[in-house]
Amino acid sequence: MFPSMLAAAFFEDAHTIFILGLILLVLFVWYFFTEIERRKRNVGSALLLGVTTVCLASVFPLKERLKGGIDIVGGSAFTLRVQQREDESGKKEAVTKREVDQAIKVIEQRLNSGGTSEPLIAAQGDDKILVQMPGVSPEEAKKIRETLERVAHLELRQVHPNTMQLAAAIQAGTELSPPGYKVFTEKHHDADGNAITTPILLSRRVALSGTDVSRANPSTQQMGAVDIELNGKGAEKMIALTEHMQINVDRIAIVLDNEVISAPVVQHVPLSKNFVISGVDRPGEAQELANALMNPLENGLKVEEERSVSPLLGAAIVKQGVWSGVLGLTLTFLFVLAYYRVAGIVAILGLILNTIMLFGVMAICGFTFSLPGIAGMVLTIGVAVDANVLINERLREELDHGKSLKTAISAAYDKAFSAILDANVTSLITAIILFWLASSTVKGFAVTLTIGLLCSMFSAILATRVLFRWGVDLGVLKKLSFLNLIKSKHFDFLGKRVACVSVSIVLTLVSIGAFFWKQERAFGIDFTGGTRIQFLTGADAISNLDAEKVLADASLNLHKTAYVQDEQNPTSGHLLTVRCDSRDTDVVIAKLREHYPVLSEKVTKDGKETYKIDASHEEVSALVGSGFLKTSGLALGLGLLGIFIYVAIRFEFSFAVGAFVAILHDCIVSAGAVVLLGRELSLIHVGAILTIAGYSINDTIIIFDRIRENMRSVNFTGHSLEEIMNEAINSTLSRTILTSTATLVSVLSLAILGGASLRDFSLVILVGIIIGTYSSIFVASPFVLWWGRHRANKLRDDGIGTNDVTEAKPAAN
């Protein structure tokens, strides 16, 4: 109850939020500018307490504050393209921002006319709109799609008195249309209830349009009808249209979206402001039509991407995410505690705070938790360990130099700061670019990764330092001891550079060749377009080959053979995935249900009979797929460029070249590994590859930072560039191995317990961590050496090492 009251006090009043944020900001600035140790400790404690309190309060009550996306709670998402209108000459006009805004307003009114649903509607690019409806069933999703695509362009036209004799002949081409008239199609039902269409001859002049309607409601007097009330101008037009008509002879056609839905005979004249649209027979159609008529679209909408996730699959994903997260946290905590002991407890407290802050910021900002978001959260746990490992390894070094514990802690944080800052900023560059350019599928990952990185910096640099200070000042911490399984050696890493770079060239060529070998099969529907259907069958397995034979039926009109895959997860059982090129999802699903009894089993829910196993599906048009591919390539290119510029500014051009080559190598090899292992490259893989770019540069920056430090140290005066770089790699080797191991432990939990998408993500990350660790030593450093020698005999001459000369001895990082 108390957390709920705190949350209400904090977040329902804008003034409170502003004042609280301002106080925390002042404390944050004060902490970094004060030089008095005791004051720094006290200000940091107040800031730490304030941030923790706010973040904890923000997540209560959990169900209201922490919102799940459609892949967590089930539901549907649509990507709509606003269609271009034609001018009087037939030329298509560009879609304007006003037309997109009008479409968004109409969509919101149609989907939430009762104020009970909470659709998420947002513009994407110049002419696309994203609509998410959490919690809706697949059956409801079909109705929503029809509602979204209905333009509701209403017209009233006069029917030609001889339409029965002329319409069919004009349509067949044996008669010419009378001046001022043209043939339309009228839909109605025969005596047996079958839908049929007949031609009808209508006036080309629109007597009334949807702009003349002031009110539309389902009729209370007549089933399958909608009562229409016209505005003042509409009433005048209706009187002018009907005042000279003959009762029970002349007819008025009601045209909706260029289709005649009824053409009743005039019962009395003149008609005024009220009339009835009949022939609306499908259950619920009268209400849908009334909503559409009250909110007509100026431009048509086309569904170019649709995702529908069943609540059953969403619940399974939550279970997978929770278990993988718990496993990842537990293994990481045990690893840190076993290796760093008391200092490990401080690191664990920092990681717990990092997690609290991540959830709190997500709740405060109203971000939803998605499947890619869970992946980003688990990954940030592993990445957050990096800063703690770096600090603790620096602390070990300072203690080995004979410094007191208090002095060693201050020196460790001061020396680790630049490396932590540079490593996290380069990772943030990729995360921000990914959020800017990515589709909604990957945005959740970019959001949690960005928040996680910022929280990681706060908890590692400020929170753990404050905890250490209190421990020393209170006399709780008097001595620290660590495991030291990876001792500093003197390996000649750069002496192996030719052989290692040769291996990297071969790996790169093989990875590129994999795409030429697999061609279109190397890419998932995110990039090629198509349909993906999924059934969570639990303990029941379905044969891949048998299902492909079932879908080879010619009646399905599949242009290519369907690809079927059945995967088993320890926590949720079997997941059957079907990929095909058909946009008629219902037909494919019906075929599978017809053939497999486990899929056709029904149960009763809320008094309605429904399938026990719901079908989740995703449809992507080829146009959207190609757009995703271009955008992903652009995101990757801009990410590499951003990192290159940042490293060149913070270090030197030679270092930027080495970092660029290493990251490009890691991205290509990781993408190639996806294809070589029989997977299809998808948008989640793009997020993973950009994460690898951030992780790889993180590792590389640590080595570069030590190279820069060694160059500024008088202890390395007279040493060759190769010797300086070798010493830097050796002294950071323990940090590199420990961080890679901790991150591997976190990501391994995704691979073991995660679902198909999480497993695909973790597979790329696992490969990327190994390749990234390798490239930071055997690719980035050799290219820095070669480029530095090419530009000058010594990289020291390029400006690094001429200032801030220290007398620190080289030691383990």
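Helix α6 (residues 97-111) has the span expected of its 15 residues: 1.5 Å a residue should give 21 Å, and its end C-alpha atoms are 21 Å apart. The expected span is 1.5 Å times one less than the number of residues. Helices are DSSP runs of H or I, at least four residues, numbered from the N terminus. This is a predicted model; local features need pLDDT of at least 70, side-chain atom pairs count only at pLDDT 80 or more, and totals for chains, interfaces and linings use all residues. Residues are numbered from 1 along each chain as its sequence is written, and side-chain values use heavy atoms, leaving out hydrogens and water.

**Burial in α6**
- The buried residues of α6 (under 20% relative accessible area, 1.4 Å probe, protein chains only) are Glu 99, Val 100, Gln 102, Ala 103, Ile 104, Val 106, Ile 107, Arg 110 and Leu 111.

**Nonpolar patch**
- Phe 18, Ile 19, Leu 22, Ile 23, Leu 25, Val 26, Phe 28, Val 29, Phe 32, Phe 33 and Phe 417 make a nonpolar surface patch of about 1,100 Å².
- Patch residues have over 30% relative accessible area and no salt bridge (Lys or Arg side-chain nitrogen within 4 Å of an Asp or Glu carboxyl oxygen), with nonpolar side chains joined within 5 Å.
- Helix α2 (residues 14-33) gives the largest share, 10 residues.
- Leu 22 lies in α2 and counts as partly exposed (between 20% and 50%) because its relative accessibility is 43%.

**Confidence**
- Mean pLDDT (predictor's confidence in each residue, 0 to 100) is 79 for the protein chain, and 85% of residues reach 70 or more.
- Among the elements, helix α1 (residues 2-11) has the lowest mean, 48, and helix α15 (residues 497-518) the highest, 91.
- Residues 1-11 stay under 50, with 23 contacts (heavy atoms within 4.5 Å) beyond four places in sequence.
- Residues 796-813 are also below 50, with 55 contacts beyond near neighbours in sequence.
- Where pLDDT is low, predicted coordinates should not be read in detail.

Conventions
Patches are made of residues with over 30% relative accessible area and no salt bridge: like charges are joined within 9 Å, nonpolar side chains (Val, Leu, Ile, Met, Phe, Trp, Tyr) within 5 Å. Accessible areas come from the Shrake-Rupley method with a 1.4 Å probe; for residues, only the protein chains shown count as cover. Helices (H or I, at least four residues) and strands (E, at least two) are DSSP runs, numbered from the N terminus.
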